[in-house]
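The following note is offered to a colleague who is meeting this structure for the first time. It begins with one pair of packed elements and then turns to the chain as a whole.

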Amino acid sequence: MKRLEKKTLIKAAVFVALAAALVIVSQFLNNYYLQIVIYIFMFAYFASSWNILSGFAGQFSLGHAIFIGIGAYTSTILYTQFGISPWLGMLAGGVLAAGLGILIGLPCFKLQSTYFTLVTIALANIMLLVVQSVRSIGSIQINAAKGIMIPSVEGNNLAVMQFVDKKYYLYIICGLLAVCLAVCQWIKTSKMGYQLAAVANNQEAAESLCVNSRRLKLKAMAISAFMCAVGGSFYAQLIMVCNPARLFAEALSDKLAIVAMLGGKGLVFGPLSGALIVESISQFATAKFANIQGLNLAIYGIMLIVCIRFFPDGILPIIQKYVRKLFKKKERASK
Amino acid sequence: MYYETLILGLVMGCIYTATALGVNIIYGIMKIVNWASGSLLMISMFIVYGATTLLHMNPYLTLLIAIPVMFTFGYFFQHIVIRPLYLRERADSNPVGLLLVTAGLGIALENIMLMIFQSTPRSISMPISLTYVDIGFGRKLSLVKIIGAGIALVTVALLWFYMNRTYSGKALRATSQDREAAQLMGINVLKSYNVAFGLGCALCAIAGVIFATFYTITPAVGTTIGSKAFIILVLGGKGSIGGCLLAGLIIGLVEAFGGLFFDSYMSQIFCFAIFVLVLYFKPSGLFGKSRV
């Protein structure tokens, strides 16, 4: 018992130290590098939310851009046309996306794994095409392929989530990421997490033990969609424009899956480590060679092939293994 | 007007069938959704472009270059990357890793080409590219598209012949039906898989040559055409060549008439909607055998 308390204390201390380090480091970075760091954490966040459905529940989705786009569009439309703060719009988008997620999940969860993946891809494509072709729904302007610009306000305005100083964006996304990881951790260690793992491993066996797989998957889908949509609102506020080609793109959905797969899918901190490694490499490569188009995604593709070929469980388990080995050596030495 | 749309739909349907054949063969035999097929098609379009501009070859003759190159590529990609994965993933019967590997290949190829060639649109000009032939009732259709449809139909016929009448084709089909039994009959299953993947890539090359003759060549072209291939794959049912042709014709017609009555966005939405509905109500495809 005492040992456990010590462990949680250490964890809390590490957490506080990380937060402090983040605040201090963010003071010294200029907006350009801050942007890169924000992107890294944002993809960690998206991939973590993706991980709830596709990692924990084993329902491999390649259409999560739907939820990101829904979140972004909802908060932006509410803000630009009804004057509602993006903070509320974020939640509204989240609820909307969760509802849509359940609607998608109801018929689709009966499909086999590969077919489910194909359906999500097709749905994302339909969504992209619909948004690209519709100019307005009733009195709500969507502007088809042009997208919606978010009018900028001066200075740092917390109420409308617009900051000239990028470091506030960094704080927000880190807060979101922390919440997301906490939710993941909670799911993983609760009864639901074990049931989800059982369903992901062998659905028939899980069902024979009275696990309601359908409801569980729907729950996972709703949580995952909600989180993605909240992140989507943040993304829209960050880039100040809602553009279907950017928010509903297949490349975005693929990216989430790739980041999470590389880090270690089904692990709580897998997507985070994946984003830290992959996204930082690709972002800095793009920053260094800005004139070469497509470098960013080419790196993603190659890393994906190499990763699945040589370490299919992701990077995090390997790191953990080495860390454990290191500690064991130390223990032996001290003995 | 309907007549012209009908013919155009049928011609495009044949051409789409050619793009879907490669995916279909690979899925039918190995149960792998080859997500890279669009990019492979794009690569072969660039091969055609290179051969016609640098070597001044006839675009149709470049088939002789594109097919062997893509076959070799597919054969060795399967041998080096997919085979170990395949052997590993048999155990947990979750082919997502394989799907992602091919997706990764697709993304990598597309973006590497984007790095090299930028997104400048290119196209091939031939003496016959602007020729239009009379198709009756005073309507005209571009000659290259008709030739393309012809090549596609010949490919379908040859592939059917290969799969049903030759020894190695029969071996491939046996492998797809029952891996263990095929192995017991003395078929080298893993080598069959290499051949199947190579064959799938070679079929992509043929489709690439057809498209290169009338389509704009950009690194992003694969995604546009490739998504059609998956719709046809699901619609036609796995591994059935005839079903693939029928599904291709259906998609061609849906696209042509959707474009006539609505706009191009709507026709694409229709295609995807059909895809989702078929997946939901009849996952084995309209013309496929039901799941065993």
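1. In this predicted model, H7(A) and H9(A) stand roughly perpendicular to each other, because angles of 65 to 115 degrees are counted in that class. The angle at which helix H7 (residues 191-201) of chain A packs against helix H9 (residues 213-239) of chain A is about 115°, and their axes lie 10 Å apart.

2. As to handedness, H7(A) and H9(A) form a left-handed crossing.

3. Which residues bring the two helices, H7(A) and H9(A), together? On the side of H7(A), the participants are A:Met192, A:Gln195, A:Leu196 and A:Val199. They meet A:Ser213, A:Leu216, A:Lys217 and A:Ala220 in H9(A). By character, the residues of this contact comprise five nonpolar, two polar and one charged.

4. The helix pair belongs to a chain with 14 helices and four strands, chain A. The radius of gyration of chain A is 20 Å, close to the 20 Å given by the globule rule for 335 residues, so chain A is as compact as a globular protein of that length.

5. Regarding overall dimensions, a box of roughly 70 × 55 × 40 Å, taken along the principal axes, is filled by the C-alpha atoms of chain A.

6. Two further figures describe the interior and the contacts. Of the 335 residues in chain A, 47% are buried. Where contacts in chain A link residues at least 6 apart in sequence, 75% of them join residues at least 24 apart.

Notes: Residues are numbered from 1 along each chain as its sequence is written. Chains are lettered from A and ligands numbered from 1 in the order in which they are written. This is a predicted model: local features need pLDDT of at least 70, side-chain atom pairs count only at pLDDT 80 or more; totals for chains, interfaces and linings use all residues. Axes are lines fitted to C-alpha atoms, for helices over the stretch in contact, and angles run from 0 to 180 degrees between N-to-C directions. Angles under 35 degrees count as roughly parallel, over 145 as roughly antiparallel, 65 to 115 as roughly perpendicular and the rest as oblique. A crossing is left-handed if the near helix is turned anticlockwise from the far one by less than a right angle, and right-handed if clockwise. Two residues are in contact if their C-beta atoms, placed from the backbone, lie within 7 Å. Ala, Val, Leu, Ile, Met, Phe, Trp, Tyr, Cys and Pro count as nonpolar, Asp, Glu, Lys and Arg as charged, and the others, Gly among them, as polar. The radius of gyration is taken over C-alpha atoms; the globule rule is 2.2 Å times the number of residues to the power 0.38. A residue is buried if 20 or more other C-beta atoms lie within 10 Å of its own, exposed if 12 or fewer, and partly exposed in between; C-beta atoms are placed from the backbone.
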